[in-house]
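These are my notebook entries on one structure, written down in the order in which I looked things up. I wanted to keep each entry short enough to check against the picture.

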Amino acid sequence: MTSTAAPTRGPEASARPRKPAPSWALWAGIIAAAAVTVWSALGIEFTLVPFFTDATRGWFVIQEFFAPNWGFIFQVGNAWLETLSIAVLASLIGCLLGLIAAMMASKVTLANPVAHQAVKWVLSVIRSIPDIGWAFLMVAFVGVGSLAGILALVMFNIGIIAKLTSESIDAVDPGPIEAADASGANGLQRARWSVYPQVLPNFLSYSLYVFELNIRASIVIGLAGAGGIGNVLLVQLGRFAWENVSAIFIATFVVVLAVDLASQAIRRRIA
């Protein structure tokens with residue numbers, strides 16, 4: 001009986017391959033990024049000198065921040081309820097409209113390439129305007145108040161939900177869709193019974209995430225006159241009542257943290 005020994009490999013064969021050198025395109029990109037950064041800094045005359053020379057000028061503000069007026073939190077309870085109401089209503093309406101827009105923005109649920117591309121362009125325009133921008137527009141349309149805040153956040157939510165959900169729709173399992181087509185289902189029936197059940201967990205998770213964003217955003221858009229605690233914050237800033245501003249910030253932190261923790265627990269159960 002003959003045995004064949006495995007061929008021995010010399011040091012050259014066992015040596016690890018050399019790591020390829022960085023390409024010229026990588027170095028060109030790094031140099032271009034550095035050049036743009038330097039150009040931007042020079043264009044706005046960026047300097048950190050005031051951070052070290054003028055830091056003590058606002059020390060009295062910091063002192064008042066560390067002495068918050070706790071009673072003020074309870075004096076503006078109605079404004080907090082208005083903020084939460086704005087976030088809830090905007091989340092519900094915006095997420096439902098965002099789901100419809102997502103169905104129209106995906107080639108899986110809308111076969112017409114021209115139509116779903118047009119919807120994508122419209123959604124891109126919606127996402128390009130920040131929440132505070134929508135707040136200024138809605139205040140101009142409907143006046144100061146909570147309605148402007150709800151409409152602003154609805155538009156903001158549509159852009160987020162439609163983008164995230166449409167990407168989930170594009171990645172669904174094609175098997176149920178092919179089965180629905182084979183059974184003669186129309187587009188609406190195929191979306192309802194083959195696509196919607198697959199994207200529902202992701203959609204609910206995105207909706208909870210949007211609700212978290214709305215709690216924060218509803219405070220910001222209030223600075224534009226869109227109702228809620230943001231209006232109160234704007235008034236206190238104008239009065240330089242830093243102890244009241246500090247109390248609002250602390251209450252905001254507590255509310256946002258509580259919503260985040262509850263949302264994370266619900267998302268874990270959904271997943």
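Is Lys163 buried, partly exposed or exposed? I looked up its relative accessible area and found 36%, so Lys163 is partly exposed. Before going further I noted that this is a predicted model.

**Entry on the salt bridges**

I looked for salt bridges and found that the structure holds 2 of them. In one, the side chains of Lys163 and Glu167 meet, with a distance of 3.1 Å from N to O. I then checked where these two residues sit, and both belong to helix α9, which covers residues 146-170. They are 4 residues apart, and I wrote beside this that such a step is about one turn of the helix. Glu167 has a relative accessible area of 42%, so I entered Glu167 as partly exposed too.

The other pair I looked up is Asp260 with Arg216, whose closest N and O atoms are 2.9 Å apart in a salt bridge. Here the partners come from two helices, because Asp260 lies in α13 (residues 242-270) while Arg216 lies in α11 (residues 187-222), and so the pair ties together parts that are 44 residues apart in sequence. I reminded myself that side chains of opposite charge can pair when their charged atoms come close. Is Asp260 buried or exposed? Asp260 has 14% relative accessibility, and because the limit for buried is under 20%, Asp260 counts as buried. Arg216, at 34%, counts as partly exposed.

**Entry on helix α11**

Since Arg216 had brought me to α11, I went along this helix next. I noted that α11 has 36 residues, yet its end C-alpha atoms are only 41 Å apart, which falls short of the 52 Å that a straight helix would reach at 1.5 Å a residue. Where does α11 bend? I found a bend of about 55° at Tyr196, with a proline, Pro197, following within four residues.

Tyr196 itself is partly exposed, at a relative accessible area of 26%. From Tyr196 to Ile169 I read 8.3 Å, C-alpha to C-alpha, although the two are 27 residues apart in sequence.

I also looked at two other residues of this helix. Phe203 lies in α11, and with 7% relative accessibility Phe203 counts as buried. The C-alpha atoms of Phe203 and Ala182 are separated by 27 Å, with their positions 21 residues apart along the chain. Arg192 also lies in helix α11, and at 40% relative accessibility Arg192 counts as partly exposed. Between Arg192 and Ala226, which are 34 residues apart in sequence, the distance in space is 36 Å, C-alpha to C-alpha.

**Entry on a nonpolar patch**

Which residues form a nonpolar patch on the surface? I listed Leu89, Leu92, Ile93, Leu96, Leu97, Ile100 and Met104, which together have about 630 Å² of accessible area. I took Leu96 as my example, and found Leu96 in helix α6, residues 77-105. With 48% relative accessibility, Leu96 counts as partly exposed.

**Entry on two loop residues**

I then turned to backbone angles in the loops. Glu45 has a positive phi of about 55°, although Glu45 is not a glycine. Glu45 lies in the loop between α2 (24-43) and α3 (49-53), and a relative accessible area of 67% makes Glu45 exposed. For Phe240 the phi is near 60°, again a positive value in a residue other than glycine. Phe240 sits in the loop between α12 (229-238) and α13, and Phe240 is exposed, with a relative accessible area of 57%.

**Entry on the UniProt record**

Last, I compared the record with the model. An unreviewed UniProt entry lists "transmembrane region" for several stretches, including residues 132-156 and 240-262. Over residues 240-262 I found 91% helix and 0% strand, with the end C-alpha atoms 34 Å apart. Residues 132-156 are 88% helix and 0% strand, and there the end C-alpha atoms lie 9 Å apart. The unreviewed entry in UniProt also places "domain: ABC transmembrane type-1" at residues 80-263. That span is 85% helix and 0% strand, and its end C-alpha atoms lie 19 Å apart.

Technical notes: Residues numbered from 1 in each chain as written. Predicted model: local features only at pLDDT ≥ 70, side-chain atom pairs only at ≥ 80, totals over all residues. Heavy atoms only, no water. Patch = residues over 30% accessible without salt bridge, like charges linked within 9 Å, V, L, I, M, F, W, Y side chains within 5 Å. Areas by Shrake-Rupley, 256 points an atom, 1.4 Å probe, with all protein chains shown as cover. Salt bridge = Lys/Arg side-chain N within 4 Å of Asp/Glu carboxyl O. Buried < 20%, exposed > 50% of the residue type's maximum accessible area, 1.4 Å probe, protein only. UniProt positions renumbered as here; feature names shortened; annotations may be inferred. Expected span 1.5 Å × (residues − 1). Bend = angle between axes of the 7 residues up to and from the residue.
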